[in-house]
Amino acid sequence: MATLHIMPRQGQSVESCVITTWNKKLGDKVAEGDVLFSYETDKSSFDEPSPVSGTILAVFAEEGDDVECLKPVCIIGEEGEDISALMPKEDGSAPAAEAAPAADAAPAKEEAPKAEAAATASADGIAAISPRARHLAERTDADLSQAIPTGPKGRIIERDVNKLLDEGKLNSAKAAAPVAEKPAEEVKAAPAPAAAEAPKAEYEDVKITNIRKVIAKSMHASLSNMAQLTLNTSFDATQLLAYRASLKANSEALGLNNITLNDMVLFAVAKTILNHPDLNAHWLDEQGVIRKFAHANLGIACDTERGLLVPTVFNADTLTLNELAKQSKAVTSAAKAGTVSPDVLKGASFTVSNLGNMGIESFTPVINPPQVGILGVCGVTRRCKEVNGENVFYPAMGLSLTFDHRALDGSPAARFLKDLVANLENFNLLLAK
């Protein structure tokens, strides 16, 4: 029995998803578990597996389409099966082109696809065409009149234009060599005219992804609407590094997680920030309030292939160091793999961004609104200080705190940094509290 496949909902806050890649096309056979298509929300990307085995009988969205959650994407069933009852209704019956899978199933008969293209042709004689396909055709001079549409609703899509290019079907080649005057046998035997080698482009236009658009909008709003100020300091990381080395040598024997320096900084922040509630807060301008949180919900800035994501460890102040290390790795690994729930990508009360592993000694992190603060963690450098009249070298780790001056002043922000430095320099004592 045919199955109507819908766009899943990833998190309660997600209303629609963009299809980025179709792994299967109309008429393809699929097995249960095969990836049908990939899609992304505003912050994450996912692969959608087929729930059943069968043949793709209808497709209702193409690459680049923004599909509302729980709306139909495709129908999977047996070849020749009647799927009229499953066709989506929108202001009446669905277009007949969506319910006709047979056209793509028999590529040997070229006349049938051409008839479909003619049926959906516009006034200029060209079938309906996606913006990406039209742009590619304009750049390459592909002859769209010879295109065989394979997209939904008889639409020419990018792969159809690429097929024209592979076959050398260009407007210029068509004008120069009238194939219709040659005998059929000669036409069949002659190789396709080679496309002229295009000059190397001086630049490439890359489509801005949804995730990049969201990051851009959020960061621009942050810098445009806040009074941001950054304070820089450093601390003696001698004890922190020694404790980390001890953990690394004994974690397996003690059954501990791989506790990193960043986990230790997160632990210190979670324990320190509750004494500075003005920083553990949201500035809600429209409501005219500052929302101060009872627990430290720490956002962890995470570099992924899709861009910056900030998953949250909720109630971090209630966790042991080992528990915090486990949860931080779980949420950041999911973010990097593209499987993180959108519900985890919100709700942070304060964020930590670590660029220390890239050798950064100081930077200005940008606040993620409506939060009022973000801590930048920098790399370890060798510095000198006077101890009992002698110059002593020590490992110094930099910290950069950006705060919203609308929500708090410089002195309260500086006091948080001072307390955080004390806790990091005396990490063993912090663990005993």
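K24 is partly exposed, with a relative accessible area of 22%. Here, buried means under 20% relative accessible area, exposed means over 50%, and partly exposed is in between (1.4 Å probe, protein chains only). Before we go on, bear in mind that this is a predicted model, where local features need pLDDT of at least 70, side-chain atom pairs count only at pLDDT 80 or more, and totals for chains, interfaces and linings use all residues. Residues are numbered from 1 along each chain as its sequence is written, and side-chain values use heavy atoms, with hydrogens and water left out.

So where does K24 sit? You'll find K24 in the loop between strand 2 (16-22) and strand 3. Helices (H or I, at least four residues) and strands (E, at least two) are DSSP runs, numbered from the N terminus. K24 and L36 are twelve residues apart along the chain, and their C-alpha atoms are separated by 5.5 Å. Setting aside neighbours within four places in sequence, K24 is in contact with K29, V30, D34, V35, L36 and I56. Contact means heavy atoms within 4.5 Å.

**A four-stranded sheet**

Two of those contacts, K29 and V30, bring us to strand pairing. Two strands pair if DSSP finds at least two bridges between them. Four strands make an open sheet in the order 1-8-6-3, with antiparallel pairing. Strand 1 (3-6) and strand 3 (29-30) are at the edges with a single partner strand each, so one side of each has no neighbour in the sheet.

Strand 6 (residues 54-59) pairs with strand 3 in the antiparallel sense over two bridges. V30 has G54 as its bridge partner in strand 6, and K29 has T55. Strand 6 also pairs with strand 8 (residues 72-77), again antiparallel, over four bridges. There, the bridge partner of T55 is G77. How many residues of strand 6 are buried? Six of its six residues are, so to speak, tucked under cover: strand 6 is mostly covered.

**Helix 7 and its two sides**

Now for helix 7 (residues 210-225), which has 16 residues. The expected span of a helix is 1.5 Å times one less than its number of residues. For helix 7 that should be 22 Å, and its end C-alpha atoms are 22 Å apart, which agrees.

Which residues of helix 7 are buried? They are I211, I215 and S222. Looking down the axis of helix 7, its buried residues fall within an arc of 35°, so they line one face of the helix. The arc is that of the directions from the helix axis to the C-beta atoms. As a general point, an α-helix has 3.6 residues a turn, so residues three or four places apart point the same way. On the other side of helix 7, K217, H220 and N225 are exposed. The cover over the buried residues of helix 7 includes strand 4 (35-40), strand 9 (228-236) and strand 14 (307-309).

**The nonpolar cores**

A nonpolar core is a set of buried Ala, Val, Leu, Ile, Met, Phe, Trp, Tyr and Cys residues joined through side-chain atoms within 4.5 Å. The largest one has 44 residues, and F350, L375 and L399 touch the most other members. Helix 9 (residues 261-273) gives this core its largest share, eight residues. Apart from it lies another core of 19 residues, among them I19, V30, C69 and I76. In general, nonpolar side chains in soluble globular proteins tend to be buried together.

Take a look at L375 itself: not counting residues up to four places away in sequence, the residues it touches include V265, V269, F350, L399, L417 and L420.

**Some backbone oddities**

Most residues other than glycine have a negative phi, and most peptide bonds are trans. The peptide bond from P369 to P370 is cis, with omega near 10°. P370 lies in the loop between strand 16 (350-354) and strand 17 (373-387). Two asparagines have a positive phi:

| Residue | Phi | Loop between | Relative accessibility |
|---|---|---|---|
| N315 | near 55° | strand 15 (312-313) and helix 10 (321-337) | 33%, partly exposed |
| N388 | near 55° | strand 17 and strand 18 (390-404) | 79%, exposed |

**One last lysine**

K418 is in helix 11 (residues 410-425). Is K418 buried or exposed? K418 is exposed, with a relative accessible area of 64%. K418 and T233 are 185 residues apart along the chain, and their C-alpha atoms are separated by 8.8 Å.
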